[in-house]
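User: I have a structure to look at and I am new to this. Can you walk me through how to read it?

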Amino acid sequence: MTAARAWQLVTAVVALVALLLQLGLVINGDAILVDHHQPNLVERLVRFFAYFTIESNILVLVTTAQLARDPAYDGPRWRVVRIAAISGITVTGLVHWFLLRPLLHLDGADLVADQLLHLVVPILAVLGWLLFGPRPRIDWAGCLRAAVWPLAWLAVMLVAGGLTGWYPYPFLDHREHGWGRVVVVCIGIFALFFALFAGMREYDRRRPPAPVTGS
């Protein structure tokens, strides 16, 4: 097995374990971010898949599993999904580290799941992309298409939150900090996304093609 395939396989396995562990905890009714009461099982499952963290980890799982089979896999739609996965998991890690980590007080399995989803998977996924690509794969057209997912996610979460009173992350809740802060945080996150797109495109353009034979 090549180094590229091995790395992607390990990343996919860790992402799968992290997702299944967190899903098990959600089903069991363990600590869920910003929940102030215990929702029923259906609500817990819906909320589980509503988290950007979960969606970005799923994208990493799907893309790295495919790359473990074929490290040079390509296609127009695939490029968009891959850009979304890497940018999304990077934002997941950064937002968690700077905005959410201070709010959490976890231990045991909850802490393990949190660290896997927000720290280990992002590091593995980003390092895997930096080391093994595949590249060249990134252009602005693909980046703009990849941006549709977080934009749509944000719109749905704000509308759903307004209707239900539940927001997946505290920084989206206008009742707590006011709309002004919500707007500033959202603009900042999307500025981060487009800075990542620019950096990814430049790195992709400057580095030699990957994977190479034997990598």
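Analyst: Start with the term "helix". Here a helix is a DSSP run of at least four residues, numbered from the N terminus. Keep in mind that this is a predicted model.

User: How many helices and strands does the protein have?

Analyst: There are 9 helices and 0 strands. In order from the N terminus, the elements read α-α-α-α-α-α-α-α-α.

User: How do I judge how compact the protein is?

Analyst: Compare the radius of gyration with the globule rule. The rule gives 17 Å for 215 residues, and the protein has 18 Å, so it is as compact as a globular protein of that length. Along the principal axes, the C-alpha atoms fill a box of roughly 55 × 35 × 25 Å.

User: What share of the residues is buried?

Analyst: Buried means under 20% relative accessible area. By that cut-off, 47% of the 215 residues are buried. The accessible surface is about 10800 Å², and 69% of that area belongs to carbon and sulfur atoms.

User: What do the contacts say about residues distant in sequence?

Analyst: Take the contacts between residues at least 6 apart in sequence. Of these, 76% join residues at least 24 apart.

User: How do I read a single helix?

Analyst: Begin with the general pattern. An α-helix has 3.6 residues a turn, so residues three or four places apart point the same way. Now try α1, residues 3-28. Its 26 residues reach 37 Å from first C-alpha to last, close to the expected 38 Å. Its buried residues include A4, Q8, T11, A15, A18 and L19. Look along the helix for that spacing yourself.

User: Which helices do the buried residues of α1 pack against?

Analyst: They pack against α2, α3, α4 and α5.

User: What is the phi of G29, just after α1?

Analyst: First the general idea. Most residues other than glycine have a negative phi, and most peptide bonds are trans. G29 is a glycine, and its phi is positive, about 85°.

User: Where are the cis peptide bonds at P134 and P136?

Analyst: One runs from G133 to P134, with omega near 5°. Another runs from R135 to P136, with omega near 0°. P134 sits in the loop between α5 and α6. P136 is in the loop between α5 and α6 too.

User: Does the length check work on α9, and what span should its 28 residues have?

Analyst: They should span 40 Å. The end C-alpha atoms of α9 are 41 Å apart, which agrees. Among its buried residues are V182, V185, C186, I189 and F193. The buried residues of α9 pack against α3, α4, α5, α6, α7 and α8.

User: Is V182 buried or exposed?

Analyst: V182 belongs to α9. Its relative accessibility is 2%, so it counts as buried. Set aside its neighbours within four places in sequence, and V182 contacts L158, F171, L172, D173 and H174. Look at F171: it is 11 residues from V182 in sequence and 6.1 Å from V182 in space, C-alpha to C-alpha.

User: And T90, buried or exposed?

Analyst: T90 lies in helix α4. Its relative accessible area is 16%, so T90 is buried. Beyond four places in sequence, T90 touches V126 and L196.

User: How many charged side chains does the protein have?

Analyst: It has 17 positive and 14 negative side chains. The centres of the two sets lie 11 Å apart.

Conventions. Residues numbered from 1 in each chain as written. Predicted model: local features only at pLDDT ≥ 70, side-chain atom pairs only at ≥ 80, totals over all residues. Heavy atoms only, no water. Helix = DSSP H or I, 4+ residues; strand = E, 2+ residues; numbered from the N terminus. Rg over C-alpha atoms; globule rule 2.2 N^0.38 Å. Buried < 20%, exposed > 50% of the residue type's maximum accessible area, 1.4 Å probe, protein only. Contact = heavy atoms within 4.5 Å. Areas by Shrake-Rupley, 256 points an atom, 1.4 Å probe, with all protein chains shown as cover. Lys, Arg positive; Asp, Glu negative; His and termini not counted. Charge placed at Lys NZ, Arg CZ, Asp CG, Glu CD. Expected span 1.5 Å × (residues − 1).
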